[in-house]
Amino acid sequence: MKFRELKEKFQNKFTIRMIAGILCVALAGGSFAVSQPQVQRLEAAKKSAGASSSGKGKAQGETKSDSEKGLSGRLMSALSEGMESEEKLDGKEETVYLITDASGKVNQTIVSSWLKNGSNRAEIKDVSSLTDIENVKGEETFIQDGDQITWQAGGEDIFYRGTTSKELPITERLTYYLDGVEVKPEELAGKSGKVTIRFDYENHAKAKVKINGKKEDIYVPFTVVSGMVLGDGFRNVHVNNGKILSDGNKVTVVGLAMPGLKESLDIDEKDFDGDADFLDYVEVTADVENFSLEMTATAAVAGLMSDSSLSQKMDLSELDKRVDEVTDAMGQLKNGSGELADGLDTLKDSMGSFKDGISSLQDGVNAYTDGASRLAGGIQSLSDSSGSLESGVNALNSSAKTINDGVQQLAAALHTQMTDQEKAAAQQQVDQAVETQFQKGSQAYNMVYNGAVSNFTNTLTAEAAVNSVQAGIQAGMQAQGLTSEGVVAALAEYYAQNGFTDASGKTYSAQACQANVPGTETTFAAYFANAVLNGGLSSALAGGITDGIAKQGSAAVGEAVVGACKMAAKQAGGTAAVTGAESAKQQAAAAIETVGASGYSLVSGTQALCTGTQQLADSIPALKDGIGTLLNGANELAGKNDALKNGVLKLADGSEQISDGVGKLKDGAHELEDGLVEFDDKAIAKLVETYHGDVKALAERMKKIVKAGEDYGTFCGAKEGTSATTKFIFRTDAVKVLEE
């Protein structure tokens, strides 16, 4: 793409100006210009740099002739000084003086060389193609071998000159116009009118380089500065690419040109739309009366006379990164806009569900506010009932304490042995019950008495008497609800405590009754009890009974049997009552202390109940406070019901507006997406294409041009490795009326 095409794509000229700035404006920033102090130095300039066109010239620094001190010599010296290095280092500075006629035709060439001896060397080796070499400032000698020259410097700088017929790398031609018509310089002298003096420069030095993989010839860049001093007859002076300096009497004009640069860059100035000029000429115009011109001077140096590291600064690698970043960012921006548009499409499609959701939300808020109101009412009722709850819990706690105290007392009583008084009371109750059971006329009395009398009457034997007594005892036991085992156990306990005397009168102590019958595991007390109940009574009572029957008869037998039964029943019943009471206490104690499936016994359970009810009673105040706080919160929550319902109502009313806004946003997102695609196609992509196509190619070409100027070296040669520069000074003859 050409720059003209790029300009048509963008109305803003920023890109064009940027390219012009890179390729031209920056180059002119460091270019040579004659300043006012240099003009002032014209009054104290060096000796003339050359002689007339017909004689042998004098080189810079020559002291052998002061014949030409005029403005022409001072102007050439000023131009030369403006290009000299101020540093005193080792190196070579070469100045080529070209003495020309008024049209620029060279009549004489003089080359002056300055060998700098900053390191105070005794000997300086040089290379030069000059002939007629002579030392123009000192007496130092040299030895020449072809173009190899060795100077005996003695620590001093060397200034020498010589001549050459070598073809110049750059030439100039001057053309004169009077009122628009070309005239010869000698014809212009003394004339008046609008005068134009044009300096045209031709670059003859080329270098073969490779640009973007292709071999090309480019011009070695030269910066050319032309100047002249105008007299009083010049008015309305203008220079196309330079400066005009005036001290009130004289006008100094300086112009700048870079011949061959436009061709080396291979560009068209029209592409820059007047923003930059690549001039290969200088043109001065003025209104003149009685034209006269002492001389003109032109200085030319290889290079663009800007920063010596300009070729390195033309490195675009960092700009390459930025262009790539712009390309990547543009891709991300397009992708992001597409995703945004897709997301808004989805959002727009979801607006129906959104409005349905708002309707459901409104229903839910209504249900919530109703529930909040009911919750506040329920908590109020709970708060109102908290006093009754506190009273009930306190009463429950009091009852639990009473129950626990009773159970603990019962447990203590059940674990206490019966006292003698309690045993006597139990025996008394048994005695009273037996007396009542066997009182005359009772069923037990009649059964024992009648049975004994009947048996006595029928058998009147000891065995019969014993059977009668036993029958009576059995009847007494049945009346008392006692079993044979119970009677035996009661009698055994009694004998173990009181001892026993059998029918033969043998007495067994309580301790003896507790011992075992030899060869058995049965105590004597249990043995005696079992004997009394199951037949041993005959040996114990048979004798007494038989004697009683014999003495008192059947009535006496009956009364005796009843008495014996009463005695045996009282003895067995009392013992059984005490034993049964103790056993009942143990069973009751075990019952209230047995741990059930709940993990508690009656004793531990009543204790836990008492502790729990106390904790419950202690927590009632905090519960009441919590209910109060909950009530306040519920009332506050319910108080916001109207605001919440109104807010949801507004949201429902605004859902249509939201839907419209989403639709507009969706349309805007698609416009943005389309716009970014178009911007990328018509702007970013074109700019990147231009950068990679024209700008980078132009920058690469510029680097090669700058490098060609840096590599030029000298006109007549220099020793390899020497820092060397060359400048060309053109001096034209005067144009004035010849004196007769």
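This is a short dialogue on reading a sheet and its salt bridges in a predicted model.

Reader: What should I know about the model before I start?

Author: Welcome! The model is predicted, so local features need pLDDT of at least 70 and side-chain atom pairs count only at pLDDT 80 or more, while totals for chains, interfaces and linings use all residues. Residues are numbered from 1 along each chain as its sequence is written, and side-chain values use heavy atoms, with hydrogens and water left out.

Reader: In which order do the strands of the open sheet stand?

Author: Strands of a sheet pair through backbone hydrogen bonds, either parallel or antiparallel. Here 5 strands (DSSP E runs of at least two residues, numbered from the N terminus) form an open sheet in the order β9-β8-β10-β17-β14, with antiparallel pairing. Two strands pair if DSSP finds at least two bridges between them. At the edges, β9 (181-183) and β14 (234-239) each have a single partner strand, so one side of each lacks a neighbour in the sheet.

Reader: How many bridges join β8 to β9?

Author: Strand β8 (residues 170-178) is joined to β9 by 3 bridges. In β9, Glu 182 is the bridge partner of Tyr 177.

Reader: Which residue forms a salt bridge with Arg 198?

Author: Side chains of opposite charge can pair when their charged atoms come close. A salt bridge is a Lys or Arg side-chain nitrogen within 4 Å of an Asp or Glu carboxyl oxygen. Arg 198 pairs with Glu 283, their closest N and O atoms being 3.7 Å apart. This pair links strand β10 (residues 193-203) to strand β17 (residues 281-288), 85 residues apart. Salt bridges that share partners join Arg 173, Arg 198, Asp 200 and Glu 283 into one network.

Note on methods: Helices (H or I, at least four residues) and strands (E, at least two) are DSSP runs, numbered from the N terminus.
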